[in-house]
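Subject: A structure for you to look at

Hi there,

Here is the structure I promised to pass on. Have a look at it first, and then read on for my notes.

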Amino acid sequence: MLESCIKVDQLRVIYNQGKSNEVRSLDGVSVEIYSQEYVIIYGPSGCGKSTLLYGISGLQAPTYGDVFVNGKNLATMTKKEKVQFHQTGVGMVFQAFYLIDSLTVLDNVCLPKVFRGENLAERREAAMKLLQRFGISTQADRFPSQLSGGQKQRVSIARALVNNPQIILADEPVGNLDSESAQNVLDIFKEINEIDKKTVILVTHNPDHLVYADRIIHMKDGKKVREDINKDKRPPEVAKKASVVGDLVDAPEKISTELRLLMRTFKDLSLKQVGVLLVPFKAKQLMTHILSQLTEEQTSSAESLLKEFLFNNIDSEALRTKLDLDMEKGGAGWNKLRANSFTERAQEILTNAQNISQNTEEALISLTDYLIKICNLKLENDSVLRFRAFIKMRVENKIDRFSLQERLDSAKQLGGVGLYRGTAEKVVHEVEIIMLLSYSAEPY
Ligand code: ADP
Ligand code: MG
């Protein structure tokens, strides 16, 4: 499963508290939502669905309880962080559209970008792409009053997406639409979830919509009364994907979640004990990270050797020799060249992991040097410092991997490092594997 991105903990929203007209809109709701999930909040009118959604978006402050997004408590965010969160963290879609009538369709979609200081041409290009994608580009210069309901909602979805937030919140988005337009809009949310991999949280009172969700949160009288997992959803696509690419491509996604899961499962064990339990998993991750195009036999015997290496039963010299050795003789049956480069890479990653678990400035410097080398980065001096600062934040777990990627990927003028997206991704994967291995990376 993927990472939890939203955690609602005992949320209460009470209006007119203590007065005769007191309303408990939310009465102690706890919900956890995972990255890339499609969750529907379902229940009769007045049960607190919208209040819950606005609680998650930070538009509605809790009377009691907490809401965490990507591990951050919304209540403790600074004003600036909150603005940033609303600009780029979440996109919202409402039943009533809330388009600005005096602006053209294109300018409505651009609006969230205006506040980000991006230049006009870039803004318009990004907005236009979304209008094209949703089949409304010919309406770009019209005004909202000239559009049908379905078109208006597609414009508002484009607006919600224009800053590329990871989370999309939609409050009864098809409540005002005829059935054909409703279908079209629901297909768009499905696509945003499945193709764009966004977390979608949609509020509805219509049972016909439930088939779209991975999970349904049933509400009544301000309380969560049930959660259902939609078991019929997804298997075909997931199975298809898995058979084509195998585990390899998925591997980096799993790292932190599996770690977290393990931590939860083994919470009574010491760090060291957890570290030992993690070794097979580390071996697998390191394996899939470094490898390509070997036979299954060659990889599985190499994986066992890697396990021995991580358990400190063999050193890197022995690893190198055994990888090269024939399978009949207990080796992995690789050739010398591959055995050498593999061992070198494993050793380098492990050394960095051991270093950063010491948490020193030197470790950080050698990690950044290593990343610059291995990912072939061409950075100017001031960018190196910035790069190192971001790596430090990630290693100290002050930001998550997505946030690291965004910082690496963003243009220099916007405070980022200005790497190409693919390069930023590569750096993030490298950092994540090192962080995984650093986890209790003392000699076992
Ligand atoms: P839903 O979206 O499920 O229809 P809401 O979250 O909008 O429900 O509302 C839940 C309850 O809170 C309702 O009884 C509603 O009347 C009440 N409520 C919502 N906003 C306010 C407010 N500003 N003042 C008083 N009561 C409110
Ligand atoms: Mg509502």
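Below is what turned up in it, from the whole chain down to single residues.

**The whole chain**

Please keep in mind that this is a predicted model. The mean pLDDT of the protein chain is 85, and 85% of its residues reach 70 or more. One stretch to treat with care is residues 235-255, where the pLDDT is below 50. Beyond near neighbours in sequence, that stretch has 19 contacts in the model.

The protein chain has 444 residues, and 47% of them count as buried. Its secondary structure comes to 16 helices and 10 strands. If you look at contacts with a separation of 6 or more, 67% of them join residues 24 or more positions apart. As for the outside, the chain exposes about 22400 Å², and carbon and sulfur atoms supply 51% of that area.

**The four-stranded sheet**

In which order do the four strands of the open sheet line up? Reading across, you get E2-E1-E4-E5, with antiparallel pairing. The edge strands are E2 (23-34) and E5 (72-73), and each pairs on one side only. Helix H1 (residues 49-57) packs on this sheet and touches E1, E2 and E4 (64-69). The direction of H1 makes about 125° with that of E1.

Strand E1 (residues 4-15) is joined to E2 by nine bridges, and the two run antiparallel. To find one of the partners, start at Ile-14 and look in E2 for Arg-24.

**The six-stranded sheet**

There is also an open sheet of six strands, in the order E6-E7-E8-E3-E9-E10, and here the pairing is mixed. Why is one side of E6 and of E10 left without a neighbour in the sheet? Strands E6 (90-94) and E10 (223-229) stand at the edges and have a single partner strand each, so one side of each has no neighbour there. From one strand to the next, the twist averages 15°.

Helix H2 (residues 79-89) packs on this sheet, touching E6 and E7, and its direction makes about 65° with that of E6. Helix H5 (residues 149-161) lies across E6 and E7 too, running at about 165° to E6. At the E10 edge, six bridges join E10 to E9 (residues 215-220), and these two strands run antiparallel. One pair to click on is His-218 with its bridge partner in E10, Arg-226.

**Helix H10**

Here is a small check you can redo yourself. Helix H10 (residues 296-310) has 15 residues, so at 1.5 Å a residue it should span 21 Å. Its end C-alpha atoms are 21 Å apart, which agrees. Several residues of H10 are buried, including Thr-299, Ala-302, Leu-306 and Phe-309. An α-helix has 3.6 residues a turn, so residues three or four places apart point the same way. After H10 comes Asn-312, whose phi is positive, near 70°.

**Two more positive phi angles**

Gln-36 is not a glycine, yet its phi is positive, about 75°. You will find Gln-36 in the loop between E2 and E3 (38-42). Glu-172, not a glycine either, has a positive phi of about 45°. Glu-172 is in the loop between E7 (167-171) and helix H6 (179-194). Is Glu-172 buried or exposed? Its relative accessibility is 12%, and the cut-off for buried is under 20%, so Glu-172 counts as buried.

Have fun with it!

Key
Residues numbered from 1 in each chain as written. Chains lettered and ligands numbered in written order. Predicted model: local features only at pLDDT ≥ 70, side-chain atom pairs only at ≥ 80, totals over all residues. Heavy atoms only, no water. Pairing = 2+ DSSP bridges. Contact = heavy atoms within 4.5 Å. Axes fitted to C-alpha atoms, helices over the stretch in contact; angles between N-to-C directions. pLDDT = per-residue confidence, 0-100. Expected span 1.5 Å × (residues − 1). Buried < 20%, exposed > 50% of the residue type's maximum accessible area, 1.4 Å probe, protein only. Areas by Shrake-Rupley, 256 points an atom, 1.4 Å probe, with all protein chains shown as cover.
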